Amino acid sequence: MVFRYRIVKKSVGNTHYTTRPDLGAPLTESELIAEIEAATSITKGDLQNTFSAVRRILIETARCGRGSETLFDFFRISLTSGGSLEDPEKAITKEDLDPRMVVYLAATAQREFYNNLSIKRTGISGDRLPQIDVVRNMATKNLDAYTPGNVLRVTGADLKITKSDTDQGLFLIPEAGGPETRIQQYIDNSRGTLTVLIPGNISGPQRLLVRVKFGQNLRETIYPAILTQE
């Protein structure tokens, strides 16, 4: 796992930093069930019933005000709720509550967090960076996917590139490794949207990278989700 961090400068006091994990697409429950089914003799239906039962038990336990012991030797959870009232004499109803689930990492989870962890500096706060918010396959309208030879739309902020500058642009990088491919055909090239034509020879899971030059500074952003081929 790679954690990227940005420095946040303050005029008074210590310099602060924030981190975010450089991860792929989130693990879904259906994907987890499929992997367990493939590795065991438990059926998909039994796994779905088990997951439903675990959810019900955890929610009921939290609702009763009980914190759970370390779950799966990985984390413990508890439920808190509260709010604010202008009139302290007013009766509180359930609609006034703001329930929040709190997750505490167990020692095992903390050790797993540090295992195989590397840190890369990405810049200082104030540096402009292109921002990718949504990636949509216009052939199927699905998110985080592409179809070779078809249109892909990327929306975000500070995305406008100089097409004649080959250092800038949208780039695809095979998830399995290999050279990056610069996309050549741009249908829309604005600060908020890049609409492009995916080359017909691209295949397999891909990472999406955008590079934009602000003045003399070349900045890049890697979209966290892996694009799947459709």
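## Arg211 and its polar contact

A polar contact here is a pair of N or O atoms within 3.5 Å; within protein, one atom must be able to donate a hydrogen and the other to accept it, and residues adjacent in sequence count only if both atoms are side-chain atoms. By that yardstick, the side chain of Arg211 has a polar contact with the side chain of Glu220, at 2.8 Å.

Before going on, a word on the model: it is predicted, so local features need pLDDT of at least 70 and side-chain atom pairs count only at pLDDT 80 or more, while totals for chains, interfaces and linings use all residues. Residues are numbered from 1 along each chain as its sequence is written, and side-chain values use heavy atoms, with hydrogens and water left out.

## Where Arg211 sits

You'll find Arg211 in strand β13, residues 206-214. Strands (E, at least two residues) and helices (H or I, at least four) are DSSP runs, numbered from the N terminus. Arg211 is buried, with a relative accessible area of 15%; buried means under 20%, exposed over 50%, and partly exposed in between (1.4 Å probe, protein chains only).

What does Arg211 touch, if you skip residues up to four places away in sequence? The list is Ile161, Asp167, Gln168, Gly169, Phe171, Glu180, Leu218, Arg219 and Glu220, where contact means heavy atoms within 4.5 Å.

## The Arg211 salt bridges

Side chains of opposite charge can pair when their charged atoms come close. A salt bridge is called when a side-chain nitrogen of Lys or Arg lies within 4 Å of a carboxyl oxygen of Asp or Glu, and this rule gives a count of five.

Arg211 pairs with Glu180 in one of these, at 2.9 Å from N to O. That bridge links distant parts of the chain, 31 residues apart: Arg211 is in strand β13, and Glu180 is in the loop between β9 (169-174) and β10 (181-182). Arg211 also forms a salt bridge with Glu220, at 2.8 Å from N to O. Shared partners join Glu180, Arg211 and Glu220 into one salt-bridge network. Glu180 is partly exposed because its relative accessible area is 37%, and Glu220 is also partly exposed, at 39%.

## A bridge between two helices

Then there's the salt bridge between the side chains of Glu29 and Arg55, at 2.6 Å from N to O. This pair also links distant parts of the chain, with Glu29 in helix α1 (residues 29-39) and Arg55 in helix α2 (residues 44-63), 26 residues apart.

Are these two buried or exposed? Neither: Glu29 is partly exposed at 35% relative accessibility, and Arg55 is partly exposed at 37%.
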